[in-house]
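Hello,

Here is the structure I promised to pass on. My notes follow below it.

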Amino acid sequence: MFSTTKHLAAPLTLGLTLLMAACTPAGSATEPEDTDPLTGQWRMTSLEAGTEGDLETVPYSGQIIFTDADTMAVHAMNPDTDAPDTPYTVNGYEAYYGDVAVDEDDGTFAVTIESAAVRDLIGQTLTRNFEVSDDTLVLTPADPAEGWRVTYERL
């Protein structure tokens with residue numbers, strides 16, 4: 001009696017092994033990735049706003065994403081539908097996207113806005129200070145007079 005299962009097991013196992021090896025990025029098992037500390041998805045945990053040195057918590061939610069392709073996208077929302085717009089929001093919603101240049105030594109990044117809910121932002125370059133500690137990211141404006149601080153957790 002001929003067993004098809006027995007004769008196919010070895011070639012099938014070899015084929016699956018080769019397929020898995022082909023799908024694994026080169027060096028991923030042994031070489032550490034050399035990415036900047038911002039790369040990835042971050043969920044907002046708090047937003048503080050106000051005058052310099054006197055910040056108060058604002059009930060915002062949002063997310064920021066930094067890619068290996070040197071782009072950044074952010075969106076955030078104020079649940080208070082009566083909140084006045086800011087230079088970054090329309091109807092309590094902030095969203096923009098663009099190319100980002102990170103300077104790890106200075107702890108800053110600059111994003112050149114390609115598209116935004118607030119169309120006046122398009123074409124502007126915004127510089128932000130950043131601090132990454134474990135899975136926490138804190139952003140502040142380059143100009144402290146803007147008066148805000150946002151904290152994110154890595155997803």
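I64 belongs to strand 3, residues 61-66. Please keep in mind that the model is predicted.

I64 first. The residue has a relative accessible area of 2%. The cut-off for buried is under 20%, so I64 counts as buried. Leaving out residues up to four places away in sequence, I64 touches G40, Q41 and W42. The list of its contacts continues with M72, A73 and V74, then L137, L139 and Y152. H75 sits eleven residues from I64 along the chain, and their C-alpha atoms are 6.6 Å apart.

Next, the largest pocket. Its volume is about 570 Å³. The lining of the largest pocket is made up of 28 residues. Nearest the centre are L47, T86, Y88, E94 and W148. Strand 1 (40-51), strand 4 (71-77), strand 5 and strand 9 (148-154) each give two or more residues to the lining. By type, the lining holds 19 nonpolar, five polar and four charged residues.

One of those central residues deserves a separate look: E94. E94 lies in strand 5, which covers residues 93-103. Which side chain of opposite charge is nearest to E94? R128 is, at 6.1 Å. E94 is buried and has no salt bridge. Beyond its neighbours within four places in sequence, E94 contacts V74, H75, A76, Y88 and T89. V74 also appears among the contacts of I64, and Y88 is another of the residues nearest the pocket centre.

Best wishes

Key. Residues are numbered from 1 along each chain as its sequence is written. This is a predicted model: local features need pLDDT of at least 70, side-chain atom pairs count only at pLDDT 80 or more; totals for chains, interfaces and linings use all residues. Side-chain values use heavy atoms; hydrogens and water are left out. Helices (H or I, at least four residues) and strands (E, at least two) are DSSP runs, numbered from the N terminus. Buried means under 20% relative accessible area, exposed over 50%, partly exposed in between (1.4 Å probe, protein chains only). Lys and Arg count as positive and Asp and Glu as negative; His and the chain ends are not counted. A salt bridge is a side-chain nitrogen of Lys or Arg within 4 Å of a carboxyl oxygen of Asp or Glu. Contact means heavy atoms within 4.5 Å. On a 1 Å grid over the protein atoms alone, a cavity is a set of points where a 1.4 Å probe fits but cannot get out, and a pocket is an open set with protein on both sides within 12 Å along at least five of seven lines; lining residues have an atom within 4 Å of a point. Grid points are joined across faces, edges and corners, and a volume is the space filled by probe spheres set on the points. Ala, Val, Leu, Ile, Met, Phe, Trp, Tyr, Cys and Pro count as nonpolar, Asp, Glu, Lys and Arg as charged, and the others, Gly among them, as polar.
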